[in-house]
Amino acid sequence: SQAWTSATTQFNALLKLDRAQIYDTTNWFFSTDSLLQVHLGGLHYSTEIVYRTYNPKWNESWEVRNVPIDSTLNVQLWDKNINDPQVLLGSGEIVLSRELLSRTEFPLEIPITHEKKERGLVYLNVS
């Protein structure tokens, strides 16, 4: 929970990186080995890889400090291949506005798209 004033320009938060749901699997014959990369205010975080699923669950937490208000939270869902380059499954973003951050805790469902097609959702919680 934040103590807000009109002069507040930065925030601290705990991001709980919960799970993803990949519902467009038409381009893949096998399940994915998924990892989530998160970018916020010049900071970066990568989850552990969750193997062989279209519904990866990470249950990881990432604490951020001194991030400018109105920063864009960007998520990228990747299929981590052992012998081949990683494949971007999709990405999405949301601006963490003062209004959104004024809530004590809030869940986010961020649609992920690739090549202009919605591929799934990433679920996370911000407090």
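## Exposure at Lys116 and around the strand 8 to strand 9 turn

A residue is called buried when its relative accessible area is under 20%, exposed when that value is over 50%, and partly exposed in between. Lys116 has a relative accessible area of 87%, and it therefore counts as exposed in this structure, which is a predicted model. Lys116 sits in the loop between strand 8 and strand 9, the latter covering residues 117-126. Although Lys116 is not a glycine, its phi is positive, at about 65°.

The two strands on either side of this loop run antiparallel and are joined by 9 bridges. Together they form a hairpin that has 2 residues between the strands, and in this hairpin Glu115 takes a positive phi near 50°. Further along the pairing, Glu109 stands opposite Tyr123 of strand 9. The face of Tyr123 is also involved in another arrangement, since Arg19 lies over that face, at 3.8 Å from the ring centre.

His114 belongs to strand 8, which covers residues 106-114. The relative accessibility of His114 is 21%, and because this value falls between the limits for buried and exposed, the residue counts as partly exposed. When its neighbours within four places in sequence are left aside, His114 is in contact with Leu88, Leu89, Gly90 and Arg119. One of these partners, Leu88, is 26 residues away from His114 along the chain, yet the C-alpha atoms of the two are separated by 7.7 Å.

## The chain as a whole

The secondary structure of the chain comes to 1 helix and 9 strands. Read from the N terminus, these elements follow the order β-β-β-β-β-β-β-α-β-β. The radius of gyration of the chain is 15 Å, which is close to the 14 Å that the globule rule gives for 127 residues, so the chain is as compact as a globular protein of that length. Along its principal axes, the C-alpha trace spans about 50 × 25 × 20 Å.

Of the 127 residues in the chain, 42% are buried. If one considers the contacts in the chain with a separation of 6 or more, residues 24 or more positions apart account for 57% of them.

## The nonpolar core

The largest nonpolar core holds 30 residues, and those that touch the most other members are Phe11, Leu15, Leu40, Leu73, Leu96, Leu108 and Leu124. At least two residues of this core are supplied by each of strand 1 (10-22), strand 2 (32-40), strand 5, strand 6 (71-79), strand 7 (87-96), helix 1 (98-101), strand 8 and strand 9. Strand 1 gives the most to the core, with 6 residues.

Leu73 offers a way to look at this core from a single residue. Apart from its neighbours within four places in sequence, Leu73 is in contact with Leu15, Val38, His39, Leu40, Gly92, Glu93, Ile94, Leu96, Leu108, Ile110 and Leu124.

## Aromatic rings and strand 5

A search of the whole structure finds 1 aromatic pair. This pair is formed by Tyr45 and Trp62, which are stacked, with 5.5 Å from centre to centre and 25° between the planes. Tyr45 lies in strand 3 (residues 43-46) and Trp62 in strand 5, so the pair ties together parts of the chain that are 17 residues apart in sequence. Trp62 has a relative accessible area of 9%, and it is therefore buried.

Strand 5, which covers residues 57-68, also contains Asn59. Unlike the buried Trp62, Asn59 counts as exposed, because its relative accessibility is 60%. The phi of Asn59 is near 50°, which is a positive value in a residue other than glycine.

## Arg103 and the end of the chain

Arg103 is placed in the loop between helix 1 and strand 8. With a relative accessibility of 45%, Arg103 counts as partly exposed. Arg103 lies over the face of Phe106, at 5.8 Å from the ring centre. Arg103 and Ser127 are 24 residues apart in sequence, while their C-alpha atoms are 8.0 Å apart in space.

Technical notes. Residues numbered from 1 in each chain as written. Predicted model: local features only at pLDDT ≥ 70, side-chain atom pairs only at ≥ 80, totals over all residues. Heavy atoms only, no water. Helix = DSSP H or I, 4+ residues; strand = E, 2+ residues; numbered from the N terminus. Buried < 20%, exposed > 50% of the residue type's maximum accessible area, 1.4 Å probe, protein only. Contact = heavy atoms within 4.5 Å. Core = buried A, V, L, I, M, F, W, Y, C linked by side-chain atoms within 4.5 Å. Phe/Tyr/Trp six-rings, centres within 6.5 Å; stacked < 30°, edge-to-face > 60°. Lys NZ or Arg CZ within 6 Å of the ring centre and 35° of its normal. Pairing = 2+ DSSP bridges. Rg over C-alpha atoms; globule rule 2.2 N^0.38 Å.
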